[in-house]
Amino acid sequence: MKGHRLYSLLILLTLISLPLLAGCDDEDQDCDCPDQQQNPDDDDDAAADDDDNDDNDDFVDPQHEITELTPLLDIDGSLYARGWARRPLMVYNPEYIADADRLRVKEWDAYIIITPEFMFGVTVSDIRIASFISFELIDFATGKDTTGLELRLGSLGFLPTDLYGPIDYQRRDNQFHLEYNEGIRTISANFARTLLSPAWEAEISLTQDPNEEDVAAAAPYNREGTFFYENKIVGMLASGSVTVDGKTYTFDPADSFGYLDWVRGVIPHVTKWHWGVAAGYVDGELVGFNIGDGMGESELGTANAMKMDGVLHKLYHVYFDYDINAMMEPMRIDSDNGTFDLTLTPFYYQTIGLMVLDLGMLVDKVYGRFSGTMIKDDGTVVQVDDLIGFVEYSEQRW
């Protein structure tokens, strides 16, 4: 598909341009670059099945909740603020990243909006060897997947160090602007047709109550100086429109829900993760969740959480039960404390990426409808039916 070719081109242009970054993270340069993290909820088959986790009365949650503003990194570049929070309380301070790790810094703001008819995503990323703005639009009815890319080699330094800072990019006639004001994120973009992209433009507002809780988590990997810091915003109400190659798609805040994947980190050469989100209304209450694994050694805090009426209900580990060779079959996801038990019934399967030697990215992603039960901290059972979202399994060697 066209989108797959563009992502493959991005990989080749950015990663192969500096092959020295493909070396092992281990001090022994003769190593074979094994997986850099072993996560208890992720195995080599990209699946887990543990029915014994349900209703586990003996479960003890070891997570550490951060409740006040805390520097993310210590002066030596090691992760200081390890755990999770209900707000972006870990203060990103990249000036403390060691010089030897600066080319391994990865930063991105990825906005995704899912509707019953289509999804639209835009990512602004600085991975030091390259900076880019990319978009994707999937029309679920036709199955058409359209992508585009504005690529610059090198670091542009245009991403903010906090969750609320503006983004302002302009090159010739292409422009991207994002600003935050009292719970409303406004995206304005206009890009001309190029060899890498059709023409596209967007005027989008993503709205949420500024008092809502959203999960943040920070975890190290197993090599000194590496870490993964993420903020996940779930269930923003989307309005506005996006026009791609002359066709306009409109967002209705009644059923168009936005997500922000905000990541800053020094990330190892080999990484694997699951990630999933969904949101929708249940009996007039907006509910949603963020789930995943593989984002570092997350024993003290994951980014797994349910969100109901603006309040987080924390999860620890979650387990993905599926067959990587049968991605359109129903997928069960449950938690180790028994409060999350949903089944995803897919309606769209997407594969992305390319692996060349020891460089590249591979993603298996399914969009579908989640049904099952979510239990609040007070014991209230919420029956979920047909929340639209996705789950992806991703492997990167970068």
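Modeller: Two strands pair if DSSP finds at least two bridges between them. Keep in mind that this is a predicted model.

Biologist: β23 and β24 form a hairpin, so to speak the end of our list of strands here; which residue in the turn has a positive phi?Modeller: Set aside the remark about a list; the hairpin is the topic. β23 and β24 are joined with 5 residues between them. The turn residue with a positive phi, of about 95°, is G379.

Biologist: Over how many bridges do β23 and β24 pair?

Modeller: Strand β23 covers residues 359-375. Its pairing with β24 runs in the antiparallel sense. Within this pairing, R369 stands opposite I388. The count for β23 and β24 is 15 bridges.

Biologist: Which residue in β24 stands opposite V277?

Modeller: Strand β16 spans residues 270-282. This strand also pairs with β24, antiparallel, over 10 bridges. Opposite V277 stands F390.

Biologist: How many of the 17 residues of strand β24 are buried?

Modeller: Buried means under 20% relative accessible area. Strand β24, residues 381-397, is largely enclosed by the rest of the structure because the buried residues number 13.

The cut-off is a step in that reasoning. The count is 13.

Biologist: Which residues do ring pairs link into a cluster with F390?

Modeller: Pairs of aromatic rings number 22 in the structure. Some of these ring pairs join into a cluster. Besides F390, the members are F140, W275, F347, Y348, Y367.

Biologist: The rings of F135 and W200 form a pair; at what angle are their planes?

Modeller: The ring centres lie 4.8 Å apart. Planes under 30 degrees apart count as stacked, and those over 60 as edge-to-face. The F135 and W200 pair fits neither limit, so it is tilted, with its planes at 35°.

Biologist: How many residues apart in the chain are F135 and W200?

Modeller: F135 belongs to strand β6, residues 130-139. W200 belongs to strand β11, residues 200-207. The pair links distant parts of the chain, and the separation is 65 residues.

Biologist: Is W200 buried or exposed?

Modeller: The limit for buried is under 20% relative accessible area. F135 has 1% relative accessibility and counts as buried. W200 has a relative accessible area of 4%, so W200 is also buried.

Biologist: Over which ring does the charged end of K232 sit?

Modeller: Two charges over rings can be named. R264 lies over the face of W262, at 3.9 Å from the ring centre. The charged end of K232 is 5.4 Å from the centre of its ring, which belongs to W275.

Biologist: In which loop is R172 found?

Modeller: Most residues other than glycine have a negative phi. R172 has a positive phi of about 50° although it is not a glycine. At 69% relative accessibility, R172 counts as exposed. Its place is the loop between β8 and β9.

Biologist: What is the phi of R128?

Modeller: R128 is found in the loop between β5 and β6. Those two strands form a hairpin with 3 residues between them. R128 is not a glycine, yet its phi is positive, near 75°.

Biologist: How many bridges join β5 to β6?

Modeller: β5 is mostly covered, with 8 of its 9 residues buried. On one pairing, β4 and β5 run antiparallel over 8 bridges. Y111 has V122 in β5 as its bridge partner. Between β5 and β6, also antiparallel, the count is 9 bridges.

Biologist: Which residue in β12 is the bridge partner of A85?

Modeller: In strand β12, residues 215-220, 6 of 6 residues are buried. Strand β2 pairs with β12 in the antiparallel sense over 3 bridges. The partner of A85 is A216.

Biologist: Which residue in β13 stands opposite A218?

Modeller: β12 and β13 pair in the antiparallel sense over 6 bridges. Their hairpin has 6 residues between the strands, and G225 in the turn has a positive phi of about 90°. Opposite A218 stands Y229.

Biologist: How many charged residues are in the lining of the second largest cavity?

Modeller: The whole structure holds 9 cavities of 30 Å³ or more. The second largest has about 140 Å³ of space. Of its 17 lining residues, those closest to the centre include E212 and D214. The lining divides into 7 nonpolar, 2 polar and, for charged residues, 8.

Terms used
Residues numbered from 1 in each chain as written. Predicted model: local features only at pLDDT ≥ 70, side-chain atom pairs only at ≥ 80, totals over all residues. Heavy atoms only, no water. Phe/Tyr/Trp six-rings, centres within 6.5 Å; stacked < 30°, edge-to-face > 60°. Helix = DSSP H or I, 4+ residues; strand = E, 2+ residues; numbered from the N terminus. Buried < 20%, exposed > 50% of the residue type's maximum accessible area, 1.4 Å probe, protein only. Lys NZ or Arg CZ within 6 Å of the ring centre and 35° of its normal. 1 Å grid on protein atoms, 1.4 Å probe; cavity = no way out; pocket = protein on both sides within 12 Å on 5 of 7 lines; lining within 4 Å. Points joined across faces, edges and corners; volume = space filled by probe spheres on them. Nonpolar A, V, L, I, M, F, W, Y, C, P; charged D, E, K, R; others polar.
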